[in-house]
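Work through the exercises below with the sequence and the 3D view side by side. Try each task before you read its solution.

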Amino acid sequence: MLEAEDLHKRYGDTIALRGVALRVRPGEMFGFVGANGAGKTTTMRIVMGVLGPDSGEVRWRGEPVTAAARRGFGYMPEERGLYQKMRVAEQIAYFGRLHGMTAAEAKSATGALMERLGLTERAGDPVEALSLGNQQRVQLAVALVHDPTLLVLDEPFSGLDPIAVDALAEVLAERCRAGVPVIFSSHQLDLVERLCDSVGIIAAGRMVAAGPVEEVRAAEGRRSLRVVVRDPAPGWADGLPGEVTADGDGRQVLRTTEGDDQAILAAASRAGRVEHFGWEQPTLTEIFREAVA
Amino acid sequence: MNSTIANALLVARREISVRARTRGFLVGLALSALLVAALPVIPKLFGGPDSYAVGLVGARSAALEPAARALAPGEQITLTFTRLPDERAAHAAITAGDLDAAVVDDGRLLADGDPPQELGALLQGAHRAVQTEQRLRAAGLDPARVTEAMRVPPLTEVSVSTAGGDSGVRAGVAMLLVLTLFFLLISAVTQVAMGVVEEKGSRIVELLLTSIRPGELLGGKILGLGALGLLNLVVVIAAGLGSALATGLAGDLPDGMTGIVLGALAWFLLGYAFFSALAAALGSLVSRQEEVSSVLTPMTTLLTAAYLVAFYAVTEPAGTLARVLSLVPPFSSMVMPVRTAAADVPVWEVGVAALLMLLAVAVVLTAGARIYRSAVLRTGARLRLRDVLPAAR
């Protein structure tokens, strides 16, 4: 399990993190969402040891992270970086060796991974000769070659077409099933909602919501009541809480997070035909908008 | 094995295998070896040949052969003699270029224009010796005593110069050393800076530093590129010495040549360690290859200054400037090997210079690694040392 506790980081006058905490269990996929500059990359860099926190601590399997433990982690930084002139297979194997594999281990892992990612035919080409999509695959291979104990990926889905998104999602899910905790950041909230077991929403250096996706969505005060009434009498909702919008087709929609739902239902029935009535959980997008606002 | 060393070696191996495959490295290696190998040949091209074909016409001139052969080794020339039936044949052979000169019985030396100077002098000397001996015998002196008297030992040559007897050759060797050290140092050191910027600019350094420490990455890079620089130096020296042996110039090389070569290698390593640490620290301040040469200016200026002083030391190896700066780091890394090649230097001076240089290398490596560590992840605009040093403390 990976745990971060009360991380603080400041760059000069800018405060990047104000007490970020997160927890990712073995086999759990954790989606990290937040606006640009909210602190996602800084948090991931601290987890990977590229940056040191001003205060706070990162623990791996209950112990403060050591350099040796970190060598087992796999990382895809936000700014992609590869040796442009180095050949694909040599590059992947080199990173395997930097992560402590023997030459033979690195070679066989590289072969298997290139096969899995469809890079085998490009093994001898320099990275600069590859398309952007293939370079992205090499970048992923570099993060995966040593069979990491933890995966930290900064915006791994950005710039991928839908098919490549599915392929990457499958590779990550595979690692999760093998018991590896996976953290990735993304702006694509629908993707996070679809793939992740838990989610962390960060805004201005603070974790505003974190936990299993269902729990975050169901959290107290976030549910909203949605009532759709057809051809209601004008002014039917006067005195009821929430906002009313018209959908232009004779329907009116009332949304509220408070009030007596039974009283609202009774008022709606009196006003017209109730087509929909129910408590709904917000989507991650809604929670995110609310958090960032 | 210690993991720090293992990691640095891993990085060094990558540097070597990637760089050694580039066309730039291979062409540079071949070109520098060829250039140095060509140098001992140049004096021959301008100095004319050192082997001559001489024709002899008539029985009396045949007596010249043993005398001329006896003198030839002292002048470092080889002679081949051909007997010719008459003067006409000698004419024809000289005109055809088969002979350089011919001696005809009645005491005439034939050549195409003036005979080559050293050949002419040698044949005249041989002729004089033969004639003198014959005339003394004709005057009735005891042939045995004549032979005895004719055996005069040559003057023993003694140099009073501090540079030793072979000052010209030593200066040549020293000059060659200055040029080689300067170009190899500046190219190897620039490679280090460019490598640092490549990793910083492509952000790959962020990935690298999750599995190895900055010191291991920098150390490995310096080690790998240094090994290639050393290889280049060894190839250049081997090419020069090989060519000197092949052309017969090796006999002129100064006595302590082995020491000079080993010293040059050691000083190259010290100079490389100093300047590469400086280059890495400066290189880590920028993120784009275009900025490398401008950020390296302080280092290249220092290296060029050392080069100029070393150049001056070739001509004045015992001058005060050369003596003082051959002790002061980093000048010593180029001036001292040149001084030792050009003249004899007291051992204590070499020792002091080496010790000071080692200290300077230790300081620069520590400070350079510190600057590198704090600057290498800060991509974007060029950093100033001021931005980096407080954070490094």
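**Exercise 1.** In which crossing, left-handed or right-handed, does α12(B) pass α17(B)?

*Solution.* Keep in mind that this is a predicted model.
- Step 1. Find the two helices: α12 covers residues 257-283 of chain B, and α17 covers residues 347-375 of chain B.
- Step 2. Take the angle and the distance. The helices pack at about 20 degrees, with axes 8 Å apart.
- Step 3. Angles under 35 degrees count as roughly parallel, so α12(B) and α17(B) are roughly parallel to each other.
- Step 4. Read the hand: α12(B) passes α17(B) in a left-handed crossing.
- Step 5. Look at who touches. From α12(B), the contact includes L270(B), F274(B) and L278(B). From α17(B), it includes M357(B), V361(B) and Y372(B).

**Exercise 2.** Decide whether chain B is spread out or a compact globule.

*Solution.*
- Step 1. Count the elements: chain B has 18 helices and 4 strands.
- Step 2. Compare radii. The radius of gyration of chain B is 30 Å, well over the 21 Å that the globule rule gives for 393 residues, so chain B is more spread out than a compact globule.
- Step 3. Check the extents. The C-alpha trace of chain B spans about 100 × 45 × 40 Å along its principal axes.
- Step 4. Add burial: 38% of the 393 residues in chain B are buried.

**Exercise 3.** Describe two of the spans that UniProt lists as "transmembrane region" in chain B.

*Solution.*
- Step 1. Pick the spans. The unreviewed UniProt entry includes residues 173-197 and 260-283 of chain B.
- Step 2. Take residues 173-197 of chain B: 100% helix, 0% strand, end C-alpha atoms 36 Å apart.
- Step 3. Take residues 260-283 of chain B: also 100% helix and 0% strand. Here the end C-alpha atoms lie 33 Å apart.

**Exercise 4.** Find what chain A offers to chain B.

*Solution.*
- Step 1. Count the residues: 20 of chain A are in contact with 14 of chain B.
- Step 2. Name the elements of chain A that give two or more residues: β6 (73-76) and α3 (88-98).
- Step 3. Pick the main giver. α3(A) gives the most, with 3 residues.

**Exercise 5.** Locate some unusual backbone geometry.

*Solution.*
- Step 1. Recall the norm: most residues other than glycine have a negative phi, and most peptide bonds are trans.
- Step 2. Find D6(A), in strand β1. Its phi is near 50 degrees, a positive value. D6(A) has 13 C-beta neighbours inside 10 Å, so it counts as partly exposed.
- Step 3. Find the cis peptide bond. It joins P329(B) and P330(B), with omega about -5 degrees. P330(B) sits in the loop between α15 and α16 of chain B.

Note on methods: Residues numbered from 1 in each chain as written. Chains lettered and ligands numbered in written order. Predicted model: local features only at pLDDT ≥ 70, side-chain atom pairs only at ≥ 80, totals over all residues. UniProt positions renumbered as here; feature names shortened; annotations may be inferred. Rg over C-alpha atoms; globule rule 2.2 N^0.38 Å. Buried ≥ 20, exposed ≤ 12 C-beta atoms within 10 Å, placed from the backbone. Axes fitted to C-alpha atoms, helices over the stretch in contact; angles between N-to-C directions. Parallel < 35°, antiparallel > 145°, perpendicular 65-115°, else oblique. Left-handed = near helix turned anticlockwise from the far one by under 90°. Contact = placed C-beta atoms within 7 Å.
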